[in-house]
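I opened this notebook page to record what I looked up in the model, entry by entry, before planning any bench work around it.

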Amino acid sequence: MSELKNKTIITVATTGAWPTKANNPNVPMTPEEIAEDVYACWKAGAAIAHLHMRDDEGHGTMDKEKFRKTVELLRANHPDCDIILNMTTSGDIHADDTTRQI
């Protein structure tokens, strides 16, 4: 148990639910950008990535295909990456209980 006392778990949320490129040009918006950013964070020491998705206009979305594509890109392009993926249930600030069930 004493070995665990000095361990740190880093979690990243590379996109978040509302920031846009207008707020910060480095915010990843597409599945390709998000997958690459998650990989870079993993290489820097992150253990968990909390994933939010964006629609084609840059708004938060719970679109299952966006999640699927992001995960597929990450796993296909970076098979060494063993980061834990946490898919958000609040990725669209306008989502209700029905749209959060993915």
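The entries below go from confidence and overall layout to the sheet, the core and two lysines.

**Entry 1, confidence.** I note at the outset that this is a predicted model. I looked up the confidence of the chain and found an average pLDDT of 88, with 83% of the residues scoring at least 70. Comparing the elements, I found the highest mean pLDDT, 98, in helix 1 (residues 31–43), and the lowest, 87, in strand 4 (residues 60–61). I keep a general caution beside these values: where pLDDT is low, the predicted coordinates should not be read in detail.

**Entry 2, layout.** I counted two helices and five strands in the chain, and reading along the sequence I wrote their pattern down as β-α-β-β-β-α-β. Of the 102 residues, 37% count as buried. I also looked at how contacts span the sequence: among those with a separation of 6 or more, 63% join residues 24 or more positions apart. For the surface I noted an exposed area of about 6600 Å², of which carbon and sulfur atoms supply 52%.

**Entry 3, the sheet.** Which strands form the open sheet, and in what order? I found three strands in the order 1-2-5, with parallel pairing. Strand 1 (11–12) and strand 5 (84–87) are the edge strands, each pairing on one side only. I then followed the pairing of strand 1 with strand 2 (residues 48–51), which is parallel and runs over two bridges; within it, V12 has A49 of strand 2 as its bridge partner. Turning to the faces of strand 2, I listed A49 and L51 on the covered face, whereas I48 and H50 lie on the uncovered one. Helix 2 (residues 64–77) lies across strand 2 and strand 5, and I noted that this helix runs at about 170 degrees to strand 5.

**Entry 4, the core.** I looked up the largest nonpolar core and found 16 residues in it, with V38, A49, L51, L74, I83 and L85 having the most contacts inside. Helix 1, strand 2 and helix 2 are the elements that give two or more residues to this core, and the largest share, five residues, comes from helix 1. I went back to A49 and, leaving out residues up to four places away in sequence, listed its contacts as V12, V38, I83, I84, L85 and N86.

**Entry 5, two lysines.** I looked up K21 and K66 and asked of K66: is this residue buried or exposed? K66 sits in helix 2, and its relative accessible area is 16%, so I entered it as buried, the limit being under 20%. Beyond residues up to four places away in sequence, K66 touches P31, M53, R54, D55, D56 and T61.

K21 is in the loop between strand 1 and helix 1. I entered K21 as partly exposed because its relative accessible area is 34%, which falls between the 20% and 50% limits. With residues up to four places away in sequence again left out, K21 touches V27, P28, M29 and E33. I also checked K21 against G58, which lies 37 residues away along the chain, and found a C-alpha separation of 8.5 Å.

Note on methods
Residues are numbered from 1 along each chain as its sequence is written. This is a predicted model: local features need pLDDT of at least 70, side-chain atom pairs count only at pLDDT 80 or more; totals for chains, interfaces and linings use all residues. Side-chain values use heavy atoms; hydrogens and water are left out. Two strands pair if DSSP finds at least two bridges between them. Helices (H or I, at least four residues) and strands (E, at least two) are DSSP runs, numbered from the N terminus. Contact means heavy atoms within 4.5 Å. Axes are lines fitted to C-alpha atoms, for helices over the stretch in contact, and angles run from 0 to 180 degrees between N-to-C directions. pLDDT is the predictor's confidence in each residue, from 0 to 100. A nonpolar core is a set of buried Ala, Val, Leu, Ile, Met, Phe, Trp, Tyr and Cys residues joined through side-chain atoms within 4.5 Å. Buried means under 20% relative accessible area, exposed over 50%, partly exposed in between (1.4 Å probe, protein chains only). Accessible areas come from the Shrake-Rupley method with a 1.4 Å probe; for residues, only the protein chains shown count as cover.
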